[in-house]
Amino acid sequence: MIEPDPETERKEIIKRYRHLLKTCRRNMEKGDKNLIREAFDLALEAHQGMRRKSGELYIFHPIEVATICACEIGLGTTSIICALLHDVVEDTDITLEDIEHKFGARVANIIDGLTKISGMVGKSSSVQAENFRKILLTLADDVRVILIKLADRLHNMRTMDSMSRTAQLKIASETLVLYAPLAHRLGLYNIKSELEDLSLKYTAPAVFKEITSKLLESKLQRNKYIRRFIEPVEAELREQGIDFMIKSRTKSVHSIYKKMQRQNIPFEEVYDLFAIRIIVETPIEIEKADCWKVYSILTNHYTPNFERLRDWVSVPKSNGYESLHTTMMGPDGQWVEVQIRSLRMDEIAERGYAAHWKYKDSGGMSVHDTALEEWLRKIRETLESSESNAIEFFDNFKLNLFAEEVYAFTPRGDLHSLPNGSTALDFAFEIHTDIGLHCLGAKVNHKLVPLDHKLKNGDQVEIITARNQKPTEEWLQYVITAKAKGRIKEELKTEKRKVTLQGELKLREILSNHGLHINTDSKGRLTAYFKAHVMSEVYHSIGCGTITQEQIDTAIKFFGTSPPPIPRLSSAEAANDLKANKPEIFMVGDPSPYNYSFAHCCNPIPGDEIFGFMMKNNDHIKIHRTNCQNGIKLMSRYGNKIVRSAWSMSQLKEVRTFPAGIRIIGIDGMGIVSR
């Protein structure tokens, strides 16, 4: 290993810092440069002598994160300061109080949101989900938390080659499941695509390499076709005096891979490998009209596919995205996607909500897009109403985060956006919690529909309510939005508490008639007699009427003839006592105290790259392939339960069998099955 030269490293630090200042100069106000310098000096001193896994100085990481914030997201001075200091509280002796004293409460709050959860987390918990919840708690106050976190994750993904294979898999899976969709939701499409591509690079390296090389091979041919397509369009746009620019964008590696999987086709049959973007520089008052004018010019040369027309100019997406998308039949019978937008729309598409924000020294921010406020309102409601564990919270929230949208109207014509797949009951909760809780039915386009009726774009929905209507357990199967699920669960818990209290009062009365009262002994006997786990279950069953007075009388008589049962550990509790620690590396096939089995979802065979997942009771390991979709979800949530695994030599020599499906495609004809 070559010994690093201190002078060379010092020059590299200065070079990167100057590049950061150059990047953010246009957004700086008086005094900003001094604040950034103070943050840089503090970070440099705090991380003195620290190095990353790759061997490079640790200070390079916060500088690069700050550069991504300034250059690729377009954030201001406060965010740059936070990016430079985002790791000092977690990794050094500097405290949040020190940060607040030097840079103010706003900077300290953002850094607190960026700091990972420390301390012990239960074995059944997910550190990633707990981290996610904490980030969102701060996100509800300041969206910069998640933007800086995305910049941090992007730089970590770009520099992950030197990390262990287990760490690569865990971080890549978490990125694919959580951070890439978050970037998409915030309109950061370039960052979203890069995060997805880098995740694929580590979860399925062979696939990533194959698609990347094929894209490189076809680049020359692709560029020739693009020039041929835009030539006549460019000529007419100039004739019409339109100020424009044309860009081409190649589909991301991850998008190509997903399309190949979804349609079960090889790379050669993916025809929409690129999109053409026409950007017009025009005043905001007439930008919509000019976009449609460009569309009209396109139709003079090529035939559009009307089913693929997407008008996000008239109705922008809830993340602020505005554009007109169409698909045209180009030369040689090839479909070409064309995106038409103004320069303002393009900046929002490239930088997401960050393009709308102006941050002040006072710590406030000006938001010019009501869609952002609406999304933040939903996050606050979810956080305030959620009493569930972190995993349940994460699953509920991601439904709103990841899904495409459907737009529906109230009878008065108010437009509401919900995740695709939302039902009439989701719509009721979207309007108001009380309307949702008392929802009896709905009319969609003036026709009565059940509560679980799925909405489509353009539906007009009228909610019918009744004062005595209450949610039931079945309602949880009817809704997909986090708000609806959270409110229904809250109401069910409240109702359950009422019934449980009624049951307790009734039991006290019955026992009193027998000259008894509720104590530890009677609770233990009743719980065992009615085969309940806890006493509250007995109270609830009595309140519901499932356990009658006659049954309680019989139980009381039984007490006189039967000794109290001996408490026993459940099988899960017993299993948890067996093996507390997982192995550092688990060799599949070698003698081991751990039982293991192969996951049926991916059927790993000797030679596949694999990992182990410690099951709930810590006495069994399930073996998955590293590119298994279920495995990626497990790694993204339960990084602490991942076990490094490898095939033993005996397994590599062994031939394993498992059922495999074969798909045969042919032209329909007489006797095709017998051929």
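## A tour from one helix pair to the cores

Select E196, D197 and L200 in helix α11, then V253, H254 and Y257 in helix α14: these residues meet, with contact meaning heavy atoms within 4.5 Å. Their make-up is 3 nonpolar, 1 polar and 2 charged. Nonpolar covers Ala, Val, Leu, Ile, Met, Phe, Trp, Tyr, Cys and Pro; charged covers Asp, Glu, Lys and Arg; the others, Gly among them, are polar.

This is a predicted model: local features need pLDDT of at least 70, side-chain atom pairs count only at pLDDT 80 or more, and totals for chains, interfaces and linings use all residues. Residues are numbered from 1 along each chain as its sequence is written, and side-chain values use heavy atoms, leaving out hydrogens and water.

Now show both helices whole. α11 spans residues 189-203 and α14 spans residues 253-263. Their axes lie 7 Å apart, at an angle of about 65°. The two are therefore roughly perpendicular, a label for angles of 65 to 115 degrees. Axes are lines fitted to C-alpha atoms over the stretch in contact, and angles run from 0 to 180 degrees between N-to-C directions.

Next, the largest nonpolar core. Of its 61 residues, I36, L84, L85, I99, I148 and L195 touch the most other members. Such a core joins buried Ala, Val, Leu, Ile, Met, Phe, Trp, Tyr and Cys residues through side-chain atoms within 4.5 Å; buried means under 20% relative accessible area with a 1.4 Å probe, protein chains only.

Centre on L84. Beyond neighbours within four places in sequence, its contacts include L20, I36, F40 and P62. Another core, of 25 residues, lies apart; select L237, I242, C291 and M345 among them.

Finally, zoom out. Of the chain's 675 residues, 47% count as buried.

Key. Buried means under 20% relative accessible area, exposed over 50%, partly exposed in between (1.4 Å probe, protein chains only). Helices (H or I, at least four residues) and strands (E, at least two) are DSSP runs, numbered from the N terminus. Angles under 35 degrees count as roughly parallel, over 145 as roughly antiparallel, 65 to 115 as roughly perpendicular and the rest as oblique.
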